[in-house]
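Biologist: Could you walk me through this structure before I plan my next reading of it?

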Amino acid sequence: MAAPKKEFGTAPVFFTAISTILGAILFLRFGYGVGTLGFWGVVFIVLIGHLVTIPTALAISEIATNKRVEGGGEYFIISRSFGLNIGATVGIALYMSQAISVAFYVIAFTESFEFLFHYIQVNYDFVLPRQAISIPAMAGLSVLILKKGASMGVKTLYIIVAILAVALVMFFVGTTEYATNKSFSIFSADMRNMGSFFAVFAIIFPAFTGMTAGVGLSGELKDPSKSIPLGTTIATVAGMVIYLFIAWKLASSASETDLIQEQLIMGKVALGGSIIIPIGLAASTLSSAIGSVMVAPRTLQALAADRSFPGARINAFLRLNDKQKGEPFNATLVTIIIAFIFVAVGDVDAVAGIISMFFMVTYGSLCLISFLNHFGASPSYRPSFKSRWYFSLIGFASALFIMFKINALYAFLSLLAMTGIYLIVNHIHRDRKGLEIIFVNAIFQLNRNLQVYLQNARKRISYKEWRPSSVCISDKTFERKEAFRLLNWLSYKYGFGTYIHLINGYFSKASNMEAMETLEKLITQFGKIESQVYVDTVISPSYTSAIAQVVQLPGIAGLENNMLIFDNDTNDEEGLQRIIENYALVNAGNFDVLILRTGVKKIDTHKDIHLWLKRSDEFNANLMILLSFIINSHPDWKKGTIKIFDVNKPGELEETKAYLQDLIVKGRLPITLKNIEFLEESTEVSIREMINQRSVDAGLVILGFRGDHLKHEGAPLFQGFNNIDSMLFVNSHDEKVIE
């Protein structure tokens, strides 16, 4: 079967939008708003409302011109930008707002027969229910759409917009006795009852929401990328200007009492208003109802086409088209049923508040999409119409703020309901992605800009505050995890960590595939714990060449790597020798060097950290203290404390004690003086023996070493600590400052 012909241009988009904007609220509640809040109060409603609607119109125009917009309008835009699961979540809320809008406009249409209700009550002493008009009107509208479809609806729009234009002209040329006797000036106009501002706002805001109505016709437009931006933007701006002039006309033509009490106050102002205003109200509400009943089924059909609902039969039923007209017959039928329910039990003000909340969620989402795309768009995002990021941010922030100001409880429940819908949809379609991609892109762009900024800042600043930017390289990752744990502790709060798994061999297609598979395993494995470490792999034919590669890696957060961690088993003497042989290479890169030697047992974080300071640790001492503080700040070490052992020459004890006490106080280190033990060197007991005796129950022992000692002593420098399972040897390239 041939696809339905796409025959509409810009005019239907504009007329659908403007006829919905200048709709029921204009005739029924705008005068009430002016009477309650005064001229300037309503002006603020118009301006604040358009802080949401104008950015949304620009956002829709931008996103719609990036790709061919298909049937479903706003839903298609959201789902193809945020992903199908988020799209379905927002789309269901959007559909409900559109379906309920049909009922809202039919209920409002009924008010154009106020003269009939009044006549029956006065002459027959009988209060005719509003449903006597609204239900037959809903039935007539249903038959019109089901039989004639969107084509008939759009043709009807032209007639209705013409009637609406005549009604507005008659309103502006009309005058009243109040206007003749009172001189009105916008400079002396008042603003009153501002405590009711957001209550009135909730009732009036749906008047401004029609600017997206034309987007729902995207599936029938010849050129959506042109018609949507042009029609939507013109309708939005024109609607705002008209509402400002209407506020001025009402404030200058009627008293506060009349504005509040007379529902059809515009009829008292307009020339021939007793006839033309009810006709204008009927035309505007009918056009809005037609617009909504054309748009809502297409949103529902697009949702079903994306399998958003549970059950294949439900989705198949809702996406079924009328074979002759190509209309979403079943989706239209469901929409009509929902509208009938609200028509039967609805009230204009109550339904208006519900619609406001639904639209705020939708518009806020659209503005958020646009904002994120400005900072995290992929190269494929190339809209021909471009908004500005600050417009989108203003729209999103305004929508969120207004939701909670209207009704914090309803706003919270709305967001809670949206979360629930998303969890259900995400459970049904776990394979779908989308939301995370745009956030990842935005974070990538932010990180890129930060790195460039930090690089430039480092050139300008002479003093550089030290923080660990550590990198660890190991080919024993799947056998030993202690080095990764150490890196995670160092990176938790104060630094950055990169863990490199070494794959021995030459770079080839096969080894590259192996590296990618290994990386996936590592991410899955380390992802099970709360990790702050960036994981990667490197392919190299030798340990030395791998280190040469790693020390040249840029830091992942814009801070150059300044520390390299070696991992060694206490029983692996060959591995220790390999580390010693490559120390000079790492030192040449101005790196601090940490050598972690552990045995079979894991590092016991429930025990204390023992820090041993010697007189040879001139440069190492401050780094060792900082490292012990950083490690101890991780939640894994919440039951452990830091204990310092300071070994001095005889006679230097008091001087060292004063220095350490001053360092702890000035550096605000969480180390109590009772946890510092001052020891004197002795010819009878070596430092190694002291450590073996006093630190046998430590969770981790930190000990410094010097490069010249390593050169002369070699492996024995790290050996002989037979009673201790976990030791961290520290070599600082330069002295660190503790402030």
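Modeller: What follows is a short talk through the overall make-up, the cysteines and one loop residue, and please keep in mind that this is a predicted model.

Biologist: Okay, how many helices and strands are there in the protein?

Modeller: The protein has 27 helices and 10 strands, and 53% of its 739 residues count as buried.

Biologist: What does the accessible surface come to, and how much of it belongs to carbon and sulfur atoms?

Modeller: The accessible surface comes to about 33600 Å², with 59% of that belonging to carbon and sulfur atoms.

Biologist: And what share of the contacts between residues at least 6 apart in sequence join residues at least 24 apart?

Modeller: For that set of contacts in the protein, the share is 83%.

Biologist: Switching to cysteines, what is the disulfide count?

Modeller: Counting pairs of cysteine sulfur atoms within 2.5 Å as disulfides, the total is zero.

Biologist: Is Cys 367 buried or exposed, and what about Cys 472?

Modeller: Cys 367 counts as buried because its relative accessibility is 0%, and Cys 472, also at 0%, counts as buried too.

Biologist: New topic: where is Asn 193 found?

Modeller: Asn 193 sits in the loop that runs between helix H8 (177-181) and helix H9 (197-204), and with 42% relative accessibility it counts as partly exposed.

Biologist: Which residues is Asn 193 in contact with, leaving aside neighbours within four places in sequence?

Modeller: Those are Thr 36 and Leu 37; in addition, the C-alpha atom of Asn 193 is separated by 8.3 Å from that of Gly 38, although these two residues are 155 residues apart along the chain.

Conventions: Residues numbered from 1 in each chain as written. Predicted model: local features only at pLDDT ≥ 70, side-chain atom pairs only at ≥ 80, totals over all residues. Heavy atoms only, no water. Buried < 20%, exposed > 50% of the residue type's maximum accessible area, 1.4 Å probe, protein only. Helix = DSSP H or I, 4+ residues; strand = E, 2+ residues; numbered from the N terminus. Contact = heavy atoms within 4.5 Å. Areas by Shrake-Rupley, 256 points an atom, 1.4 Å probe, with all protein chains shown as cover.
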